[in-house]
Amino acid sequence: MTRKFDLVLEPDLPPVDYPLPELPDGEDLWIFGYGSLMWRPGFDHLGIQDAQLYGYHRAFCVSSVVHRGTRENPGLVLGLDRGGSCRGKGILCPADIREPVIDYLYRREMVTSVYRPRMVRIRLLNDGVMASALTFVADPSHEQYCGKPSLEDAARIIARAHGRGGPNVDYLKSTLEHLDEFGIADGPLHRIMALIESGS
């Protein structure tokens, strides 16, 4: 069945010159989201399930110099960094629109190449099935990769940074609201928010 494919969220994203992953012909593709992809995938899909990724964790490991900060006063945004595990969402992309969806995601996630595509193994939590999925991980060799700031440093950075997308703290608030809505516990992010609210 041919399904409608509509990129209505960010139609003017620049092209990205990066090879597509090698995938079996005719198979639907799982995509793992850990941030805004969970609630704003931007493409038609066959369904979204709770999923767990092992070997990476959600972290404020990427400096933002445009959307949530500036070159003079960088902000912080989330990436997948090595180690631990991450609860997120598996989004099932139908095979017949797989290539345009991947192209869209490359344009969306790899504007500055601080995120890199990876095929990973995720566990679908509804039934425990393991599946291959496309996701985007932070590149530790990129200039915007900032490692693991302490919770106190992250709170100070996020509290003062502001970019084209608005205050950095609004990004954190929105992320926490959606994670809470999904029932995804992320203690470090809540502790950063608590430090900001207390003025520490």
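A crossing of two helices is called left-handed if the near helix is turned anticlockwise from the far one by less than a right angle, and right-handed if the near helix is turned clockwise. Both kinds of crossing occur in this predicted model, and the helices offer a convenient point of entry.

Two packed helices are described by the angle between their axes and the distance between the axes. For helix 3 and helix 4, the axes come within 10 Å and cross at roughly 135°. That angle makes helix 3 oblique to helix 4, because an angle counts as roughly antiparallel over 145 degrees and as roughly perpendicular from 65 to 115. In passing helix 4, helix 3 forms a left-handed crossing. On the side of helix 3, the contact is made by Val169, Leu172, Lys173, Thr175, Leu176, Leu179 and Asp180; helix 4 contributes Leu189, His190, Ile192, Met193 and Ile196.

Helix 4 also packs against helix 2. Here the axes come within 9 Å, with a crossing angle of roughly 60°, and the two helices are therefore oblique to each other. The crossing of helix 2 and helix 4 is right-handed. Leu151, Glu152, Ala154, Ala155, Ile158 and Ala159 represent helix 2 in this contact, where they meet Pro188, Arg191, Ile192, Leu195 and Ile196 of helix 4.

Helix 2 spans residues 151-160, and its buried residues are Ala154, Ala155, Ile157 and Ile158. The cover over these buried residues includes two strands, strand 2 (48-64) and strand 3, together with helix 3 (168-182) and helix 4 (187-198).

The strands can be followed from strand 1, which comprises residues 29-33 and is mostly covered, five of its five residues being buried. Both of its faces are covered: Leu29, Ile31 and Gly33 are buried on one side, and Trp30 and Phe32 on the other. Strand 1 pairs with strand 3 in the antiparallel sense over five bridges, and in strand 3 Cys93 stands opposite Leu29. Strand 1 is also joined to strand 5 (residues 130-138) by two bridges, and these two strands run parallel. Opposite Trp30, in strand 5, stands Ala133.

Two individual residues show how the strands meet their surroundings. Arg58 has its place in strand 2. Is Arg58 buried or exposed? With a relative accessible area of 9%, Arg58 is buried, because buried means under 20%. The side chain of Arg58 makes a polar contact with the side chain of Asp186 at 2.8 Å. In addition, a polar atom of the Arg58 side chain lies 2.4 Å from the backbone oxygen of Arg87. Beyond four places away in sequence, the residues that Arg58 touches include Tyr34, Met38, Leu78, Leu80, Cys86, Gly88, Leu179, Ile184 and Leu189. One of these, Leu179, also belongs to the contact of helix 3 with helix 4.

Ser85, in strand 3 (residues 75-93), presents another setting. Ser85 is partly exposed, with a relative accessible area of 34%, so its value falls between the limits of 20% for buried and 50% for exposed. Ser85 and Gly55 are 30 residues apart along the chain, yet their C-alpha atoms are separated by 5.5 Å. Leaving aside residues up to four places away in sequence, Ser85 touches Gln52, Leu53, Tyr54, Gly55, Tyr56 and His57. With Gln52 there is a polar contact between the two side chains, at 3.2 Å.

Terms used:
Residues are numbered from 1 along each chain as its sequence is written. This is a predicted model: local features need pLDDT of at least 70, side-chain atom pairs count only at pLDDT 80 or more; totals for chains, interfaces and linings use all residues. Side-chain values use heavy atoms; hydrogens and water are left out. Helices (H or I, at least four residues) and strands (E, at least two) are DSSP runs, numbered from the N terminus. Buried means under 20% relative accessible area, exposed over 50%, partly exposed in between (1.4 Å probe, protein chains only). Contact means heavy atoms within 4.5 Å. A polar contact is a pair of N or O atoms within 3.5 Å; within protein, one must be able to donate a hydrogen and the other to accept it, and residues adjacent in sequence count only if both atoms are side-chain atoms. Two strands pair if DSSP finds at least two bridges between them. Axes are lines fitted to C-alpha atoms, for helices over the stretch in contact, and angles run from 0 to 180 degrees between N-to-C directions. Angles under 35 degrees count as roughly parallel, over 145 as roughly antiparallel, 65 to 115 as roughly perpendicular and the rest as oblique.
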